[in-house]
Amino acid sequence: MTTTLVKPEVPVAPENSRRSASVLALALFEARQLALQIPMLVFSLLYLVFVGYELFGRDEGMDAYPVLHDADRATQGGPVLLCIALLVCVNRAVLLNRRRGLEEQFSVLVMSVPRRTLAHALSVVPFAAGVALVVGVQFGWAALRPGAVGHGSLAELAVAPLTVLLSGAVGVLLARVLPYPAVPLLFVVLLAVVVSLVGGITGGVHGVQWLWPAVIENGGTPVPGELLGRPAGWHALYLTGLTVLAAGVAVLVAGGRTRALKAVTVLALAATVAGAAGQAPGDSAALRAARTAEADSPQKFQVCAERDGSRYCAYPDWKGWTVDWAGVVHRVRSEAGGEAATTRLTVRQRIEAVTDLTTDATLPSSPTRGTVTVGTQWGGNRVPEFAVGVARVLVAGSEQASFEMCDARAVTTMWLALATDPTPTDTFRRLRIDDSLTGPAAVLTSDGGSMSVSAQETQVVRELLRAPHDTIAARVKAHWAELTSARTTAAEAARLLGVTVPKGADDCGEG
């Protein structure tokens, strides 16, 4: 017996409220089906593992002192693989009826193809909401840390969930325009090739770079938020418009012809164009001038505080860190002798003139006596680097003068910086660029540069760190004048401090 399905000539049109309810019901059903697909399960789990590692798995270090206007855009790259999986799985869900030969049977239903298409586009909303929740947890975790500084941007935080919505809308659009199973993967590969080629041809032009959903620009030294120059608001508008445009075109291709649909699609096109145009210009002349001014004359833009006889000047967002800086200054200066034990220091935060947000700054050393440079990062290795910066100014008088040290002053500087460190030998190793404890090396400092320590000086410092602290501290203060003289060699410093004298000629300048 054969059953033939016949299309009704005049389909029954349900009420508008029932139409909306049916679309939402189908969207929820499809969302549940998407959540059960293996690629979605795998990549959702990987995304959560990645975020969990970022929150709980890494050493504290600088992560304990996050800069929030960098932390917000760091949330954008996590769900990339999830977005690709979502694009493929949504496309597969739209084409399911076609693959199984059920399109004719479904065409007799009251719910039309355009409405089913809209339901598929809406089925990705729960995933975008989930990513938004994860992004909120990421940023909230950073913002609640005691050392957090700066202010986040809602537009930057919106990029990850908007990218999820866009990937779903594109998956639906591809299914309606090119209804073939291999198209999504080919589209992803082709898109990656096109982005690479265009990026190479244009040389990373700002307007072209920002056509990509996520423009993270991370890895560089943090700068004040007003100097970022990121068109985050325009970019959020661009992604929103592009998402609605893709979904609208998909419904139009599926046969949707209502005035509301056409109006929304046109409005989405206008929003996309406006967002792309708004984000296209690069850094303005005013922004470049502001960046130069804050780098060249930081004192005009900073707030200062007096603590224990020294002055601490920071950009407004970073003023909470001055307490930590003062703690390091206090413990380093407490080991010094002579006038250095009470000398007044000025700790000033500085930035390099900003050209992009992906470069680590190396600042020119200050020639001003009693001035110590500190950067816009703190925690981890930045703490002992700052201690070295404080010590060299106490010993040599200024940062620039410390470059001439290749004598007992280098030994004294390293002793001051490391004497009260909880793990002095390990810290000494981390401060040296080659991670060694023998031979000549460059030691990192708080301005992003380094100072040279010869092999003999390294040996003397290592011996000092092994000796009883109180004994060495008393000798350092008793012989302060000799230990801070350019005429005293590293070998003579070892004799004065009562540790093994290194043999052979000094190798100053080889580090």
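**Close-up views of a predicted model**

D435 is placed in the loop that runs between helix 19 (424-431) and strand 5 (441-444). The model shown in these views is predicted.

**View A. Backbone of D435 in the loop between helix 19 and strand 5.** Although D435 is not a glycine, its phi is positive, at about 55 degrees. The residue is partly exposed, with a relative accessible area of 47%.

**View B. E217, a loop residue with a positive phi that takes part in a salt-bridge network.** E217 belongs to the loop between helix 12 (206-209) and helix 13 (232-253). Its phi is about 50 degrees, a positive value in a residue that is not a glycine. A network of salt bridges links E217 with E156 and R230.

**View C. The disulfide between C304 and C313.** The structure holds 1 disulfide. In this link the sulfur atoms of C304 and C313 are 2.1 Å apart. The angle about the S-S bond is 110 degrees, and the link is right-handed. The two cysteines may be compared by their accessibility. C304 is partly exposed, at 34% relative accessibility, whereas C313 is buried, with a relative accessible area of 0%.

**View D. C83 and C89, two buried cysteines.** The closest cysteine sulfur to that of C83 belongs to C89 and lies 12 Å away, which is too far for a bond. A disulfide requires sulfur atoms within 2.5 Å. C89 is likewise in no disulfide, and its nearest cysteine sulfur is that of C83, at 12 Å. C83 has a relative accessibility of 7% and counts as buried; C89 counts as buried at 2%.

**View E. The salt bridge of D70 and R73.** The structure holds 11 salt bridges, and one of them joins D70 to R73. The closest N and O atoms of this pair are 3.0 Å apart. D70 is buried, with a relative accessible area of 18%. R73 is also buried, at 3% relative accessibility.

**View F. The salt bridge of R291 and D283.** The side chains of R291 and D283 meet with an N to O distance of 2.8 Å. R291 is buried, its relative accessible area being 3%. Its partner D283 counts as partly exposed, at 28% relative accessibility.

**View G. The salt bridge of E306 and R311.** Here the N to O distance between the two side chains is 3.2 Å. Both partners have a share of accessible area. E306 counts as partly exposed at 45% relative accessibility, and R311 is partly exposed with a relative accessible area of 31%.

**View H. The buried face of helix 21 (residues 469-478).** The buried residues of this helix are I472, A473 and V476. Seen down the axis of helix 21, these residues fall within an arc of 100 degrees, so they line one face of the helix. An α-helix has 3.6 residues a turn, so residues three or four places apart point the same way. The exposed residues D470 and A478 are carried on the face of helix 21 turned away from its buried side. The cover over the buried residues of helix 21 includes helix 18 (408-418) and helix 20 (455-466). Helix 22 (480-483) and helix 23 (490-497) also belong to this cover.

**View I. A nonpolar surface patch made by L24, L118, L122 and V125.** The patch has an area of about 300 Å². One of its members, V125, lies in helix 8 (residues 125-143). V125 counts as partly exposed, at 38% relative accessibility.

**View J. E60 in the loop between helix 2 and helix 3.** The loop that holds E60 runs between helix 2 (38-57) and helix 3 (68-71). E60 is partly exposed, with a relative accessible area of 43%. E60 and A455 are 395 residues apart in sequence. In space, their C-alpha atoms are 32 Å apart.

Conventions. Residues are numbered from 1 along each chain as its sequence is written. This is a predicted model: local features need pLDDT of at least 70, side-chain atom pairs count only at pLDDT 80 or more; totals for chains, interfaces and linings use all residues. Side-chain values use heavy atoms; hydrogens and water are left out. Buried means under 20% relative accessible area, exposed over 50%, partly exposed in between (1.4 Å probe, protein chains only). Helices (H or I, at least four residues) and strands (E, at least two) are DSSP runs, numbered from the N terminus. The arc is that of the directions from the helix axis to the C-beta atoms. Contact means heavy atoms within 4.5 Å. A salt bridge is a side-chain nitrogen of Lys or Arg within 4 Å of a carboxyl oxygen of Asp or Glu. Patches are made of residues with over 30% relative accessible area and no salt bridge: like charges are joined within 9 Å, nonpolar side chains (Val, Leu, Ile, Met, Phe, Trp, Tyr) within 5 Å. Accessible areas come from the Shrake-Rupley method with a 1.4 Å probe; for residues, only the protein chains shown count as cover.
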